[in-house]
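Got your viewer open? Let's take a walk through this structure, one selection at a time.

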Amino acid sequence: ELPAQLHTASPHHITPKTLEQELKSVRSHVVLPKGKYVVNFDIIVDETGVLEIEAGTELYFSEEAGIVSYGTLKAVGTEQEHILFTALIDSWRNIALGGRLSSDSVLEHCVIRHGGGRRKIEQKGHFNGPSLGDSYGGGLLMVCSDAAIRNCVVESCKAEYGGGLYL
């Protein structure tokens, strides 16, 4: 048996009741179960965190909300059950992957719609976030990250630079 400090923690599942509390700062392995969610805040995945979003999940973001991952974001849908990231009304920010510790992230069979870009990714731990000034990466912004993006659709997004993607 492995020593206690080497055991990997079991994933923690989120409930709709604890959504904001759990996702404002993801520091461990957290699973967002399949469902429909309205998100009115930035989801932040810290360098030590893993956010796993189950296939078939739909996330509806308000205008000032999105996802910033300095750690690992695993959004792996299937051909039959995509993961949807979209606006609640007109637009939302985007998905931003920042720093080398986000390089284990995977987005597969995802649909990213109506993103409006992001002007800044905050400095966090090992990542020194640039101040972008204009909006970048309407749907997806990757800075110093080698994340895997496979079989995804990015549509109806806009930004001053990188309407759909800025890598």
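Start by selecting strands β12 and β17 (residues 153-155), which run parallel and are paired over three bridges. Within that pairing, look for I112: across from it in β17 sits V154. Keep β12 (residues 110-113) on screen and add β9, its parallel partner through three bridges. Here I83 has C110 of β12 as its bridge partner. What holds neighbouring strands together in a sheet? Strands pair through hydrogen bonds of the backbone, in a parallel or an antiparallel sense.

Before going further, a word on what you are looking at: this is a predicted model. Zoom out to see the whole protein, which has 18 strands and one helix. Of its 167 residues, 47% are buried. If you look at contacts between residues at least 6 apart in sequence, 59% of them join residues at least 24 apart.

**Next stop: an open sheet**

Select β4, β7, β10, β15 and β18, in that order, and you have an open sheet of five strands with parallel pairing. Which strands are at the edges? Those are β4 (42-45) and β18 (165-166), each of which pairs on one side only. Now home in on β10 (residues 95-98) and β15 (residues 140-143), parallel neighbours sharing four bridges. L97 makes a handy landmark, as it stands opposite M142 in β15.

**Another parallel pair**

Move to strand β3 (residues 36-39) and show its side chains: Y37 and V39 are on the covered face, while K36 and V38 are on the uncovered one. Bring in β6 (residues 58-61) and you'll see it pair with β3 over four bridges, in the parallel sense. From V38, look across to Y60 in β6, which stands opposite.

While you're in this part of the numbering, pick V31 in strand β2 (residues 29-32). Buried or exposed? V31 counts as buried because its relative accessibility is 4%. Try a distance label from V31 to I53: the two are 22 residues apart along the chain, yet their C-alpha atoms are separated by 6.0 Å.

**Into the nonpolar core**

I53 turns up again here. The largest nonpolar core has 31 residues, and L51, I53, F61, F85 and I95 are the ones that touch the most other members. Strand β9 (residues 83-87) supplies the largest share of this core, with three residues.

Click on I95 and show what surrounds it. Beyond its neighbours within four places in sequence, I95 is in contact with I67, L73, F85, L107, I112, G139, L140 and L141. Then give another colour to V68, Y70, Y136 and L141, which are among the eight residues of a second, separate core. You've already met I112 from the opening stop, where it stands opposite V154.

**A buried glycine**

Now select G137, in the loop between β14 (131-136) and β15. How accessible is G137? Its relative accessible area is 0%, so this glycine is buried. Leaving out residues up to four places away in sequence, G137 touches N94, G117, A159, Y161, G162, G164, L165 and Y166. Take A159 from that list and draw a line between the two C-alpha atoms: it spans 6.1 Å, for residues 22 apart in sequence.

**The largest pocket**

A159 also leads you to the largest pocket, since the lining includes it along with G117. To outline the rest, select E63, E64, S91, W92, R93, G116, R118, R119, S135 and K158 too. The space inside is about 170 Å³. Colour the lining by residue type and you should find six charged, four polar and two nonpolar residues.

**Last stop: two loop residues**

Finish with a look at backbone angles. C144, in the loop between β15 and β16 (148-150), has a positive phi of about 55° although it isn't a glycine. Where does C144 fall on the accessibility scale? With a relative accessibility of 61%, C144 counts as exposed.

Then hop to N151, in the loop between β16 and β17. N151 is not a glycine either, and its phi is positive at about 50°. Its relative accessible area is 54%, so N151 is exposed. From here β17 takes you back to the opening stop, where it pairs with β12.

How values were computed: Residues numbered from 1 in each chain as written. Predicted model: local features only at pLDDT ≥ 70, side-chain atom pairs only at ≥ 80, totals over all residues. Heavy atoms only, no water. Buried < 20%, exposed > 50% of the residue type's maximum accessible area, 1.4 Å probe, protein only. Pairing = 2+ DSSP bridges. 1 Å grid on protein atoms, 1.4 Å probe; cavity = no way out; pocket = protein on both sides within 12 Å on 5 of 7 lines; lining within 4 Å. Points joined across faces, edges and corners; volume = space filled by probe spheres on them. Nonpolar A, V, L, I, M, F, W, Y, C, P; charged D, E, K, R; others polar. Core = buried A, V, L, I, M, F, W, Y, C linked by side-chain atoms within 4.5 Å. Contact = heavy atoms within 4.5 Å.
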